[in-house]
There are 2 protein chains.
Amino acid sequence: MGDASKKKAKARRRAPPSEDAIYERILAAIFEHRLAPGTKLGEDRLAGIFGVSRARIRHVLPRLAHESVVRLEPNRGAFVAQPTVADARNVFDARRLLEPGIVERLVQRGELRPMLVQLRQHVASERRARAANDTRAIVRMSGEFHMLLAEMAGNALLAKIMRELASLTCLIIALYDKPSVPSCLGEEHGDIVDALAAGDAARATKLMVHHLNHVEKNLDLSVAEPAPVDLESALA
Amino acid sequence: MGDASKKKAKARRRAPPSEDAIYERILAAIFEHRLAPGTKLGEDRLAGIFGVSRARIRHVLPRLAHESVVRLEPNRGAFVAQPTVADARNVFDARRLLEPGIVERLVQRGELRPMLVQLRQHVASERRARAANDTRAIVRMSGEFHMLLAEMAGNALLAKIMRELASLTCLIIALYDKPSVPSCLGEEHGDIVDALAAGDAARATKLMVHHLNHVEKNLDLSVAEPAPVDLESALA
DNA sequence: GACTTGCATTTTGGCGCCAATTTTTCTAGG
DNA sequence: CCTAGAAAAATTGGCGCCAAAATGCAAGTC
């Protein structure tokens, strides 16, 4: 390959990236749709890119695999996961179950003045990204909004689960987004924040469910699965 | 140490345990309260016990750490996790959010005749273990009941999350169980199955929430945290 | 006699090498 | 010209060795 120079160029000069840093970097790349689903994540390749040894990479990949963000095939390597249509429905189903509860816990927490200003700032950033047509920022911040809500709900466990669901949702959008509409619906995040500011928990949860339904409906989940070719049964 | 013979005795003669097998074995030991919270999980110790190389162990421990079942201290080793009181409350809070939804999804699935027989069999096994006063089996099967429900709900993602929550619950019971009452409440699992059999989703979810509340109330979560000695702030 | 300091042992962390499997390419045949 | 087979290259998986850090012990000192 003749792009050895490019690898060298991307390796940090004398910054030894920590293990968590590599983890976050790969996750961020997936979040921003810089790594397409199905992309092979070769060990040597990644080691060269980050300027670390292969052993370091071999610690990070299983971690990502455990969150179903990468798929680990024995003796073949790691690939960015390709959630099936069934997986996608499961993710949205789980989110419809979790996120209304997260919103409820957030309002029950009381004293959400400082949280509201942070949420408003985030929504404003989203609006700016949308105005600039910065697709990567739009998708990333859209996921971050939901992660922010979860972190504010005061339950670190739920926040961790929400992080994982947000990552998977990013992959799903990358795979099944209809080219027609920009996947991020206008001001629905802002509407949720407004309901929270009004202390109307019921409306906030209802808006959250509707929002999730809208996002899912804007995906093309009707496509037949990439032919689950079951040779054994097909040739019986 | 003079117990080198005991290690050898426990090592499988000529059965090379797979990586998943080791994972499951350690998890099972935690489930059955054979490994107390805080126990150190030395690498070559485990390697000797399972008769595998240290490298194999070094792949399993991070996996368990990712589920918060073991705590990984840099340069110190792996320990069975010791969830704090706050962690415990978070776990039960998350379960109160998830499990009613799981029950709902189960009934909406329809055709639960075969599932009901399996659930009834499980409840019967639990009853038998309770009659035999087999504490380990009681705790293990109590967690397995909830995992079974989640797997039947038709959402593999929710099932995975429930598995993790069940593991953590086992640790929490091991840490905070009041010696007074056996932590597993009589026939509450059976009552939930009865409600499912009657097709009464509302009652089933209500019973589930009550059940979780009962389990939590039977724990001693009032103990003051082991003094989160924050030296920096204490000596300012 | 108790505390501190220094050293030895044990354990984890990391790096490099070698074997196994897969994928690609080259060659021979139809 | 295309297909099937085999050899070669590349990549993953695993094992062992070596360095770094932490713990426990022992000796020295006040």
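Two residues are in contact if their C-beta atoms, placed from the backbone, lie within 7 Å. I start my notebook with that rule, as several entries lean on it.

**Entry 1: ground rules**

I am looking at a predicted model, in which local features need pLDDT of at least 70 and side-chain atom pairs count only at pLDDT 80 or more, while totals for chains, interfaces and linings use all residues. Residues are numbered from 1 along each chain as its sequence is written, and chains are lettered from A and ligands numbered from 1 in the order in which they are written.

For helices and strands I use DSSP runs numbered from the N terminus: H or I of at least four residues for a helix, E of at least two for a strand. For residue classes, Ala, Val, Leu, Ile, Met, Phe, Trp, Tyr, Cys and Pro are nonpolar, Asp, Glu, Lys and Arg are charged, and the others, Gly among them, are polar.

**Entry 2: α2 and α8 in chain B**

I looked up helix α2 (residues 19-31) of chain B beside α8(B): their axes come within 9 Å and cross at roughly 45°. Axes here are lines fitted to C-alpha atoms, for helices over the stretch in contact, with angles from 0 to 180 degrees between N-to-C directions. Angles under 35 degrees count as roughly parallel, over 145 as roughly antiparallel, 65 to 115 as roughly perpendicular and the rest as oblique. α2(B) and α8(B) are therefore oblique to each other.

Which residues meet here? I found B:Leu27, B:Ile30 and B:Phe31 on α2(B) against B:Ser167, B:Cys170 and B:Leu171 on α8(B). I sorted this contact into five nonpolar residues, one polar and no charged.

**Entry 3: α6 and α7 in chain A**

Next I took helix α6 (residues 113-131) and helix α7 (residues 135-152) of chain A, which pack at an angle of about 170° with their axes 9 Å apart. That angle is why I call α6(A) and α7(A) roughly antiparallel.

From α6(A), I noted A:Met115, A:Leu119, A:His122, A:Ser125, A:Glu126, A:Ala129 and A:Arg130; they meet A:Ala137, A:Ile138, A:Met141, A:Ser142, A:Phe145, A:Leu148 and A:Met152 of α7(A). My tally for this contact is nine nonpolar, three polar and two charged residues.

**Entry 4: the sheets**

Strands count as paired if DSSP finds at least two bridges between them. In chain A, I see an open sheet of three strands in the order β1-β3-β2, with antiparallel pairing. β1 (40-41) and β2 of chain A are at the edges with a single partner strand each, so one side of each has no neighbour in the sheet.

Strand β2 (residues 70-73) and strand β3 (residues 77-80) of chain A share four bridges in the antiparallel sense. A:Leu72 has A:Ala78 as its bridge partner, and A:Glu73 stands opposite A:Gly77. Three residues lie between the strands of this hairpin, where A:Asn75 takes a positive phi near 60°.

I checked chain B too, and its open sheet of three strands has the order β1-β3-β2 with antiparallel pairing. Its edge strands are β1 (40-41) and β2 (70-73), each pairing on one side only. β2(B) and β3 (residues 77-80) of chain B are joined by four bridges, and B:Arg71 has B:Phe79 as bridge partner.

**Entry 5: where the chains meet**

How many residues of chain B are in contact with chain A? I read 16 residues of chain B against 16 residues of chain A. On the chain B side, α4, α5 (85-108) and α8 (156-176) each give two or more residues, and α5(B) has the largest share, with seven. By class, this side has nine nonpolar, five polar and two charged residues.

A rotation of 180° with 0.0 Å of shift along its axis superposes chain B on chain A, at an RMSD of 0.1 Å; the fit is by least squares on C-alpha atoms of residues with pLDDT of at least 70 in both copies. That is why I wrote down a two-fold axis. The same surface serves both copies, as 100% of the contact residues of chain B recur in chain A.

**Entry 6: the DNA strands**

A residue is near a strand of DNA if its C-beta atom, placed from the backbone, lies within 6 Å of it. Around DNA strand C, I listed residues including A:Ser53, A:Arg56, B:Glu43 and B:Asp44. α4 (54-66) of chain A and α3 (43-50) of chain B each supply at least two residues there. This surface has two nonpolar, five polar and four charged residues.

Around DNA strand D, my list includes A:Glu43, A:Asp44, B:Ser53 and B:Arg56. Here α3 (43-50) of chain A and α4 (54-66) of chain B give two or more residues.
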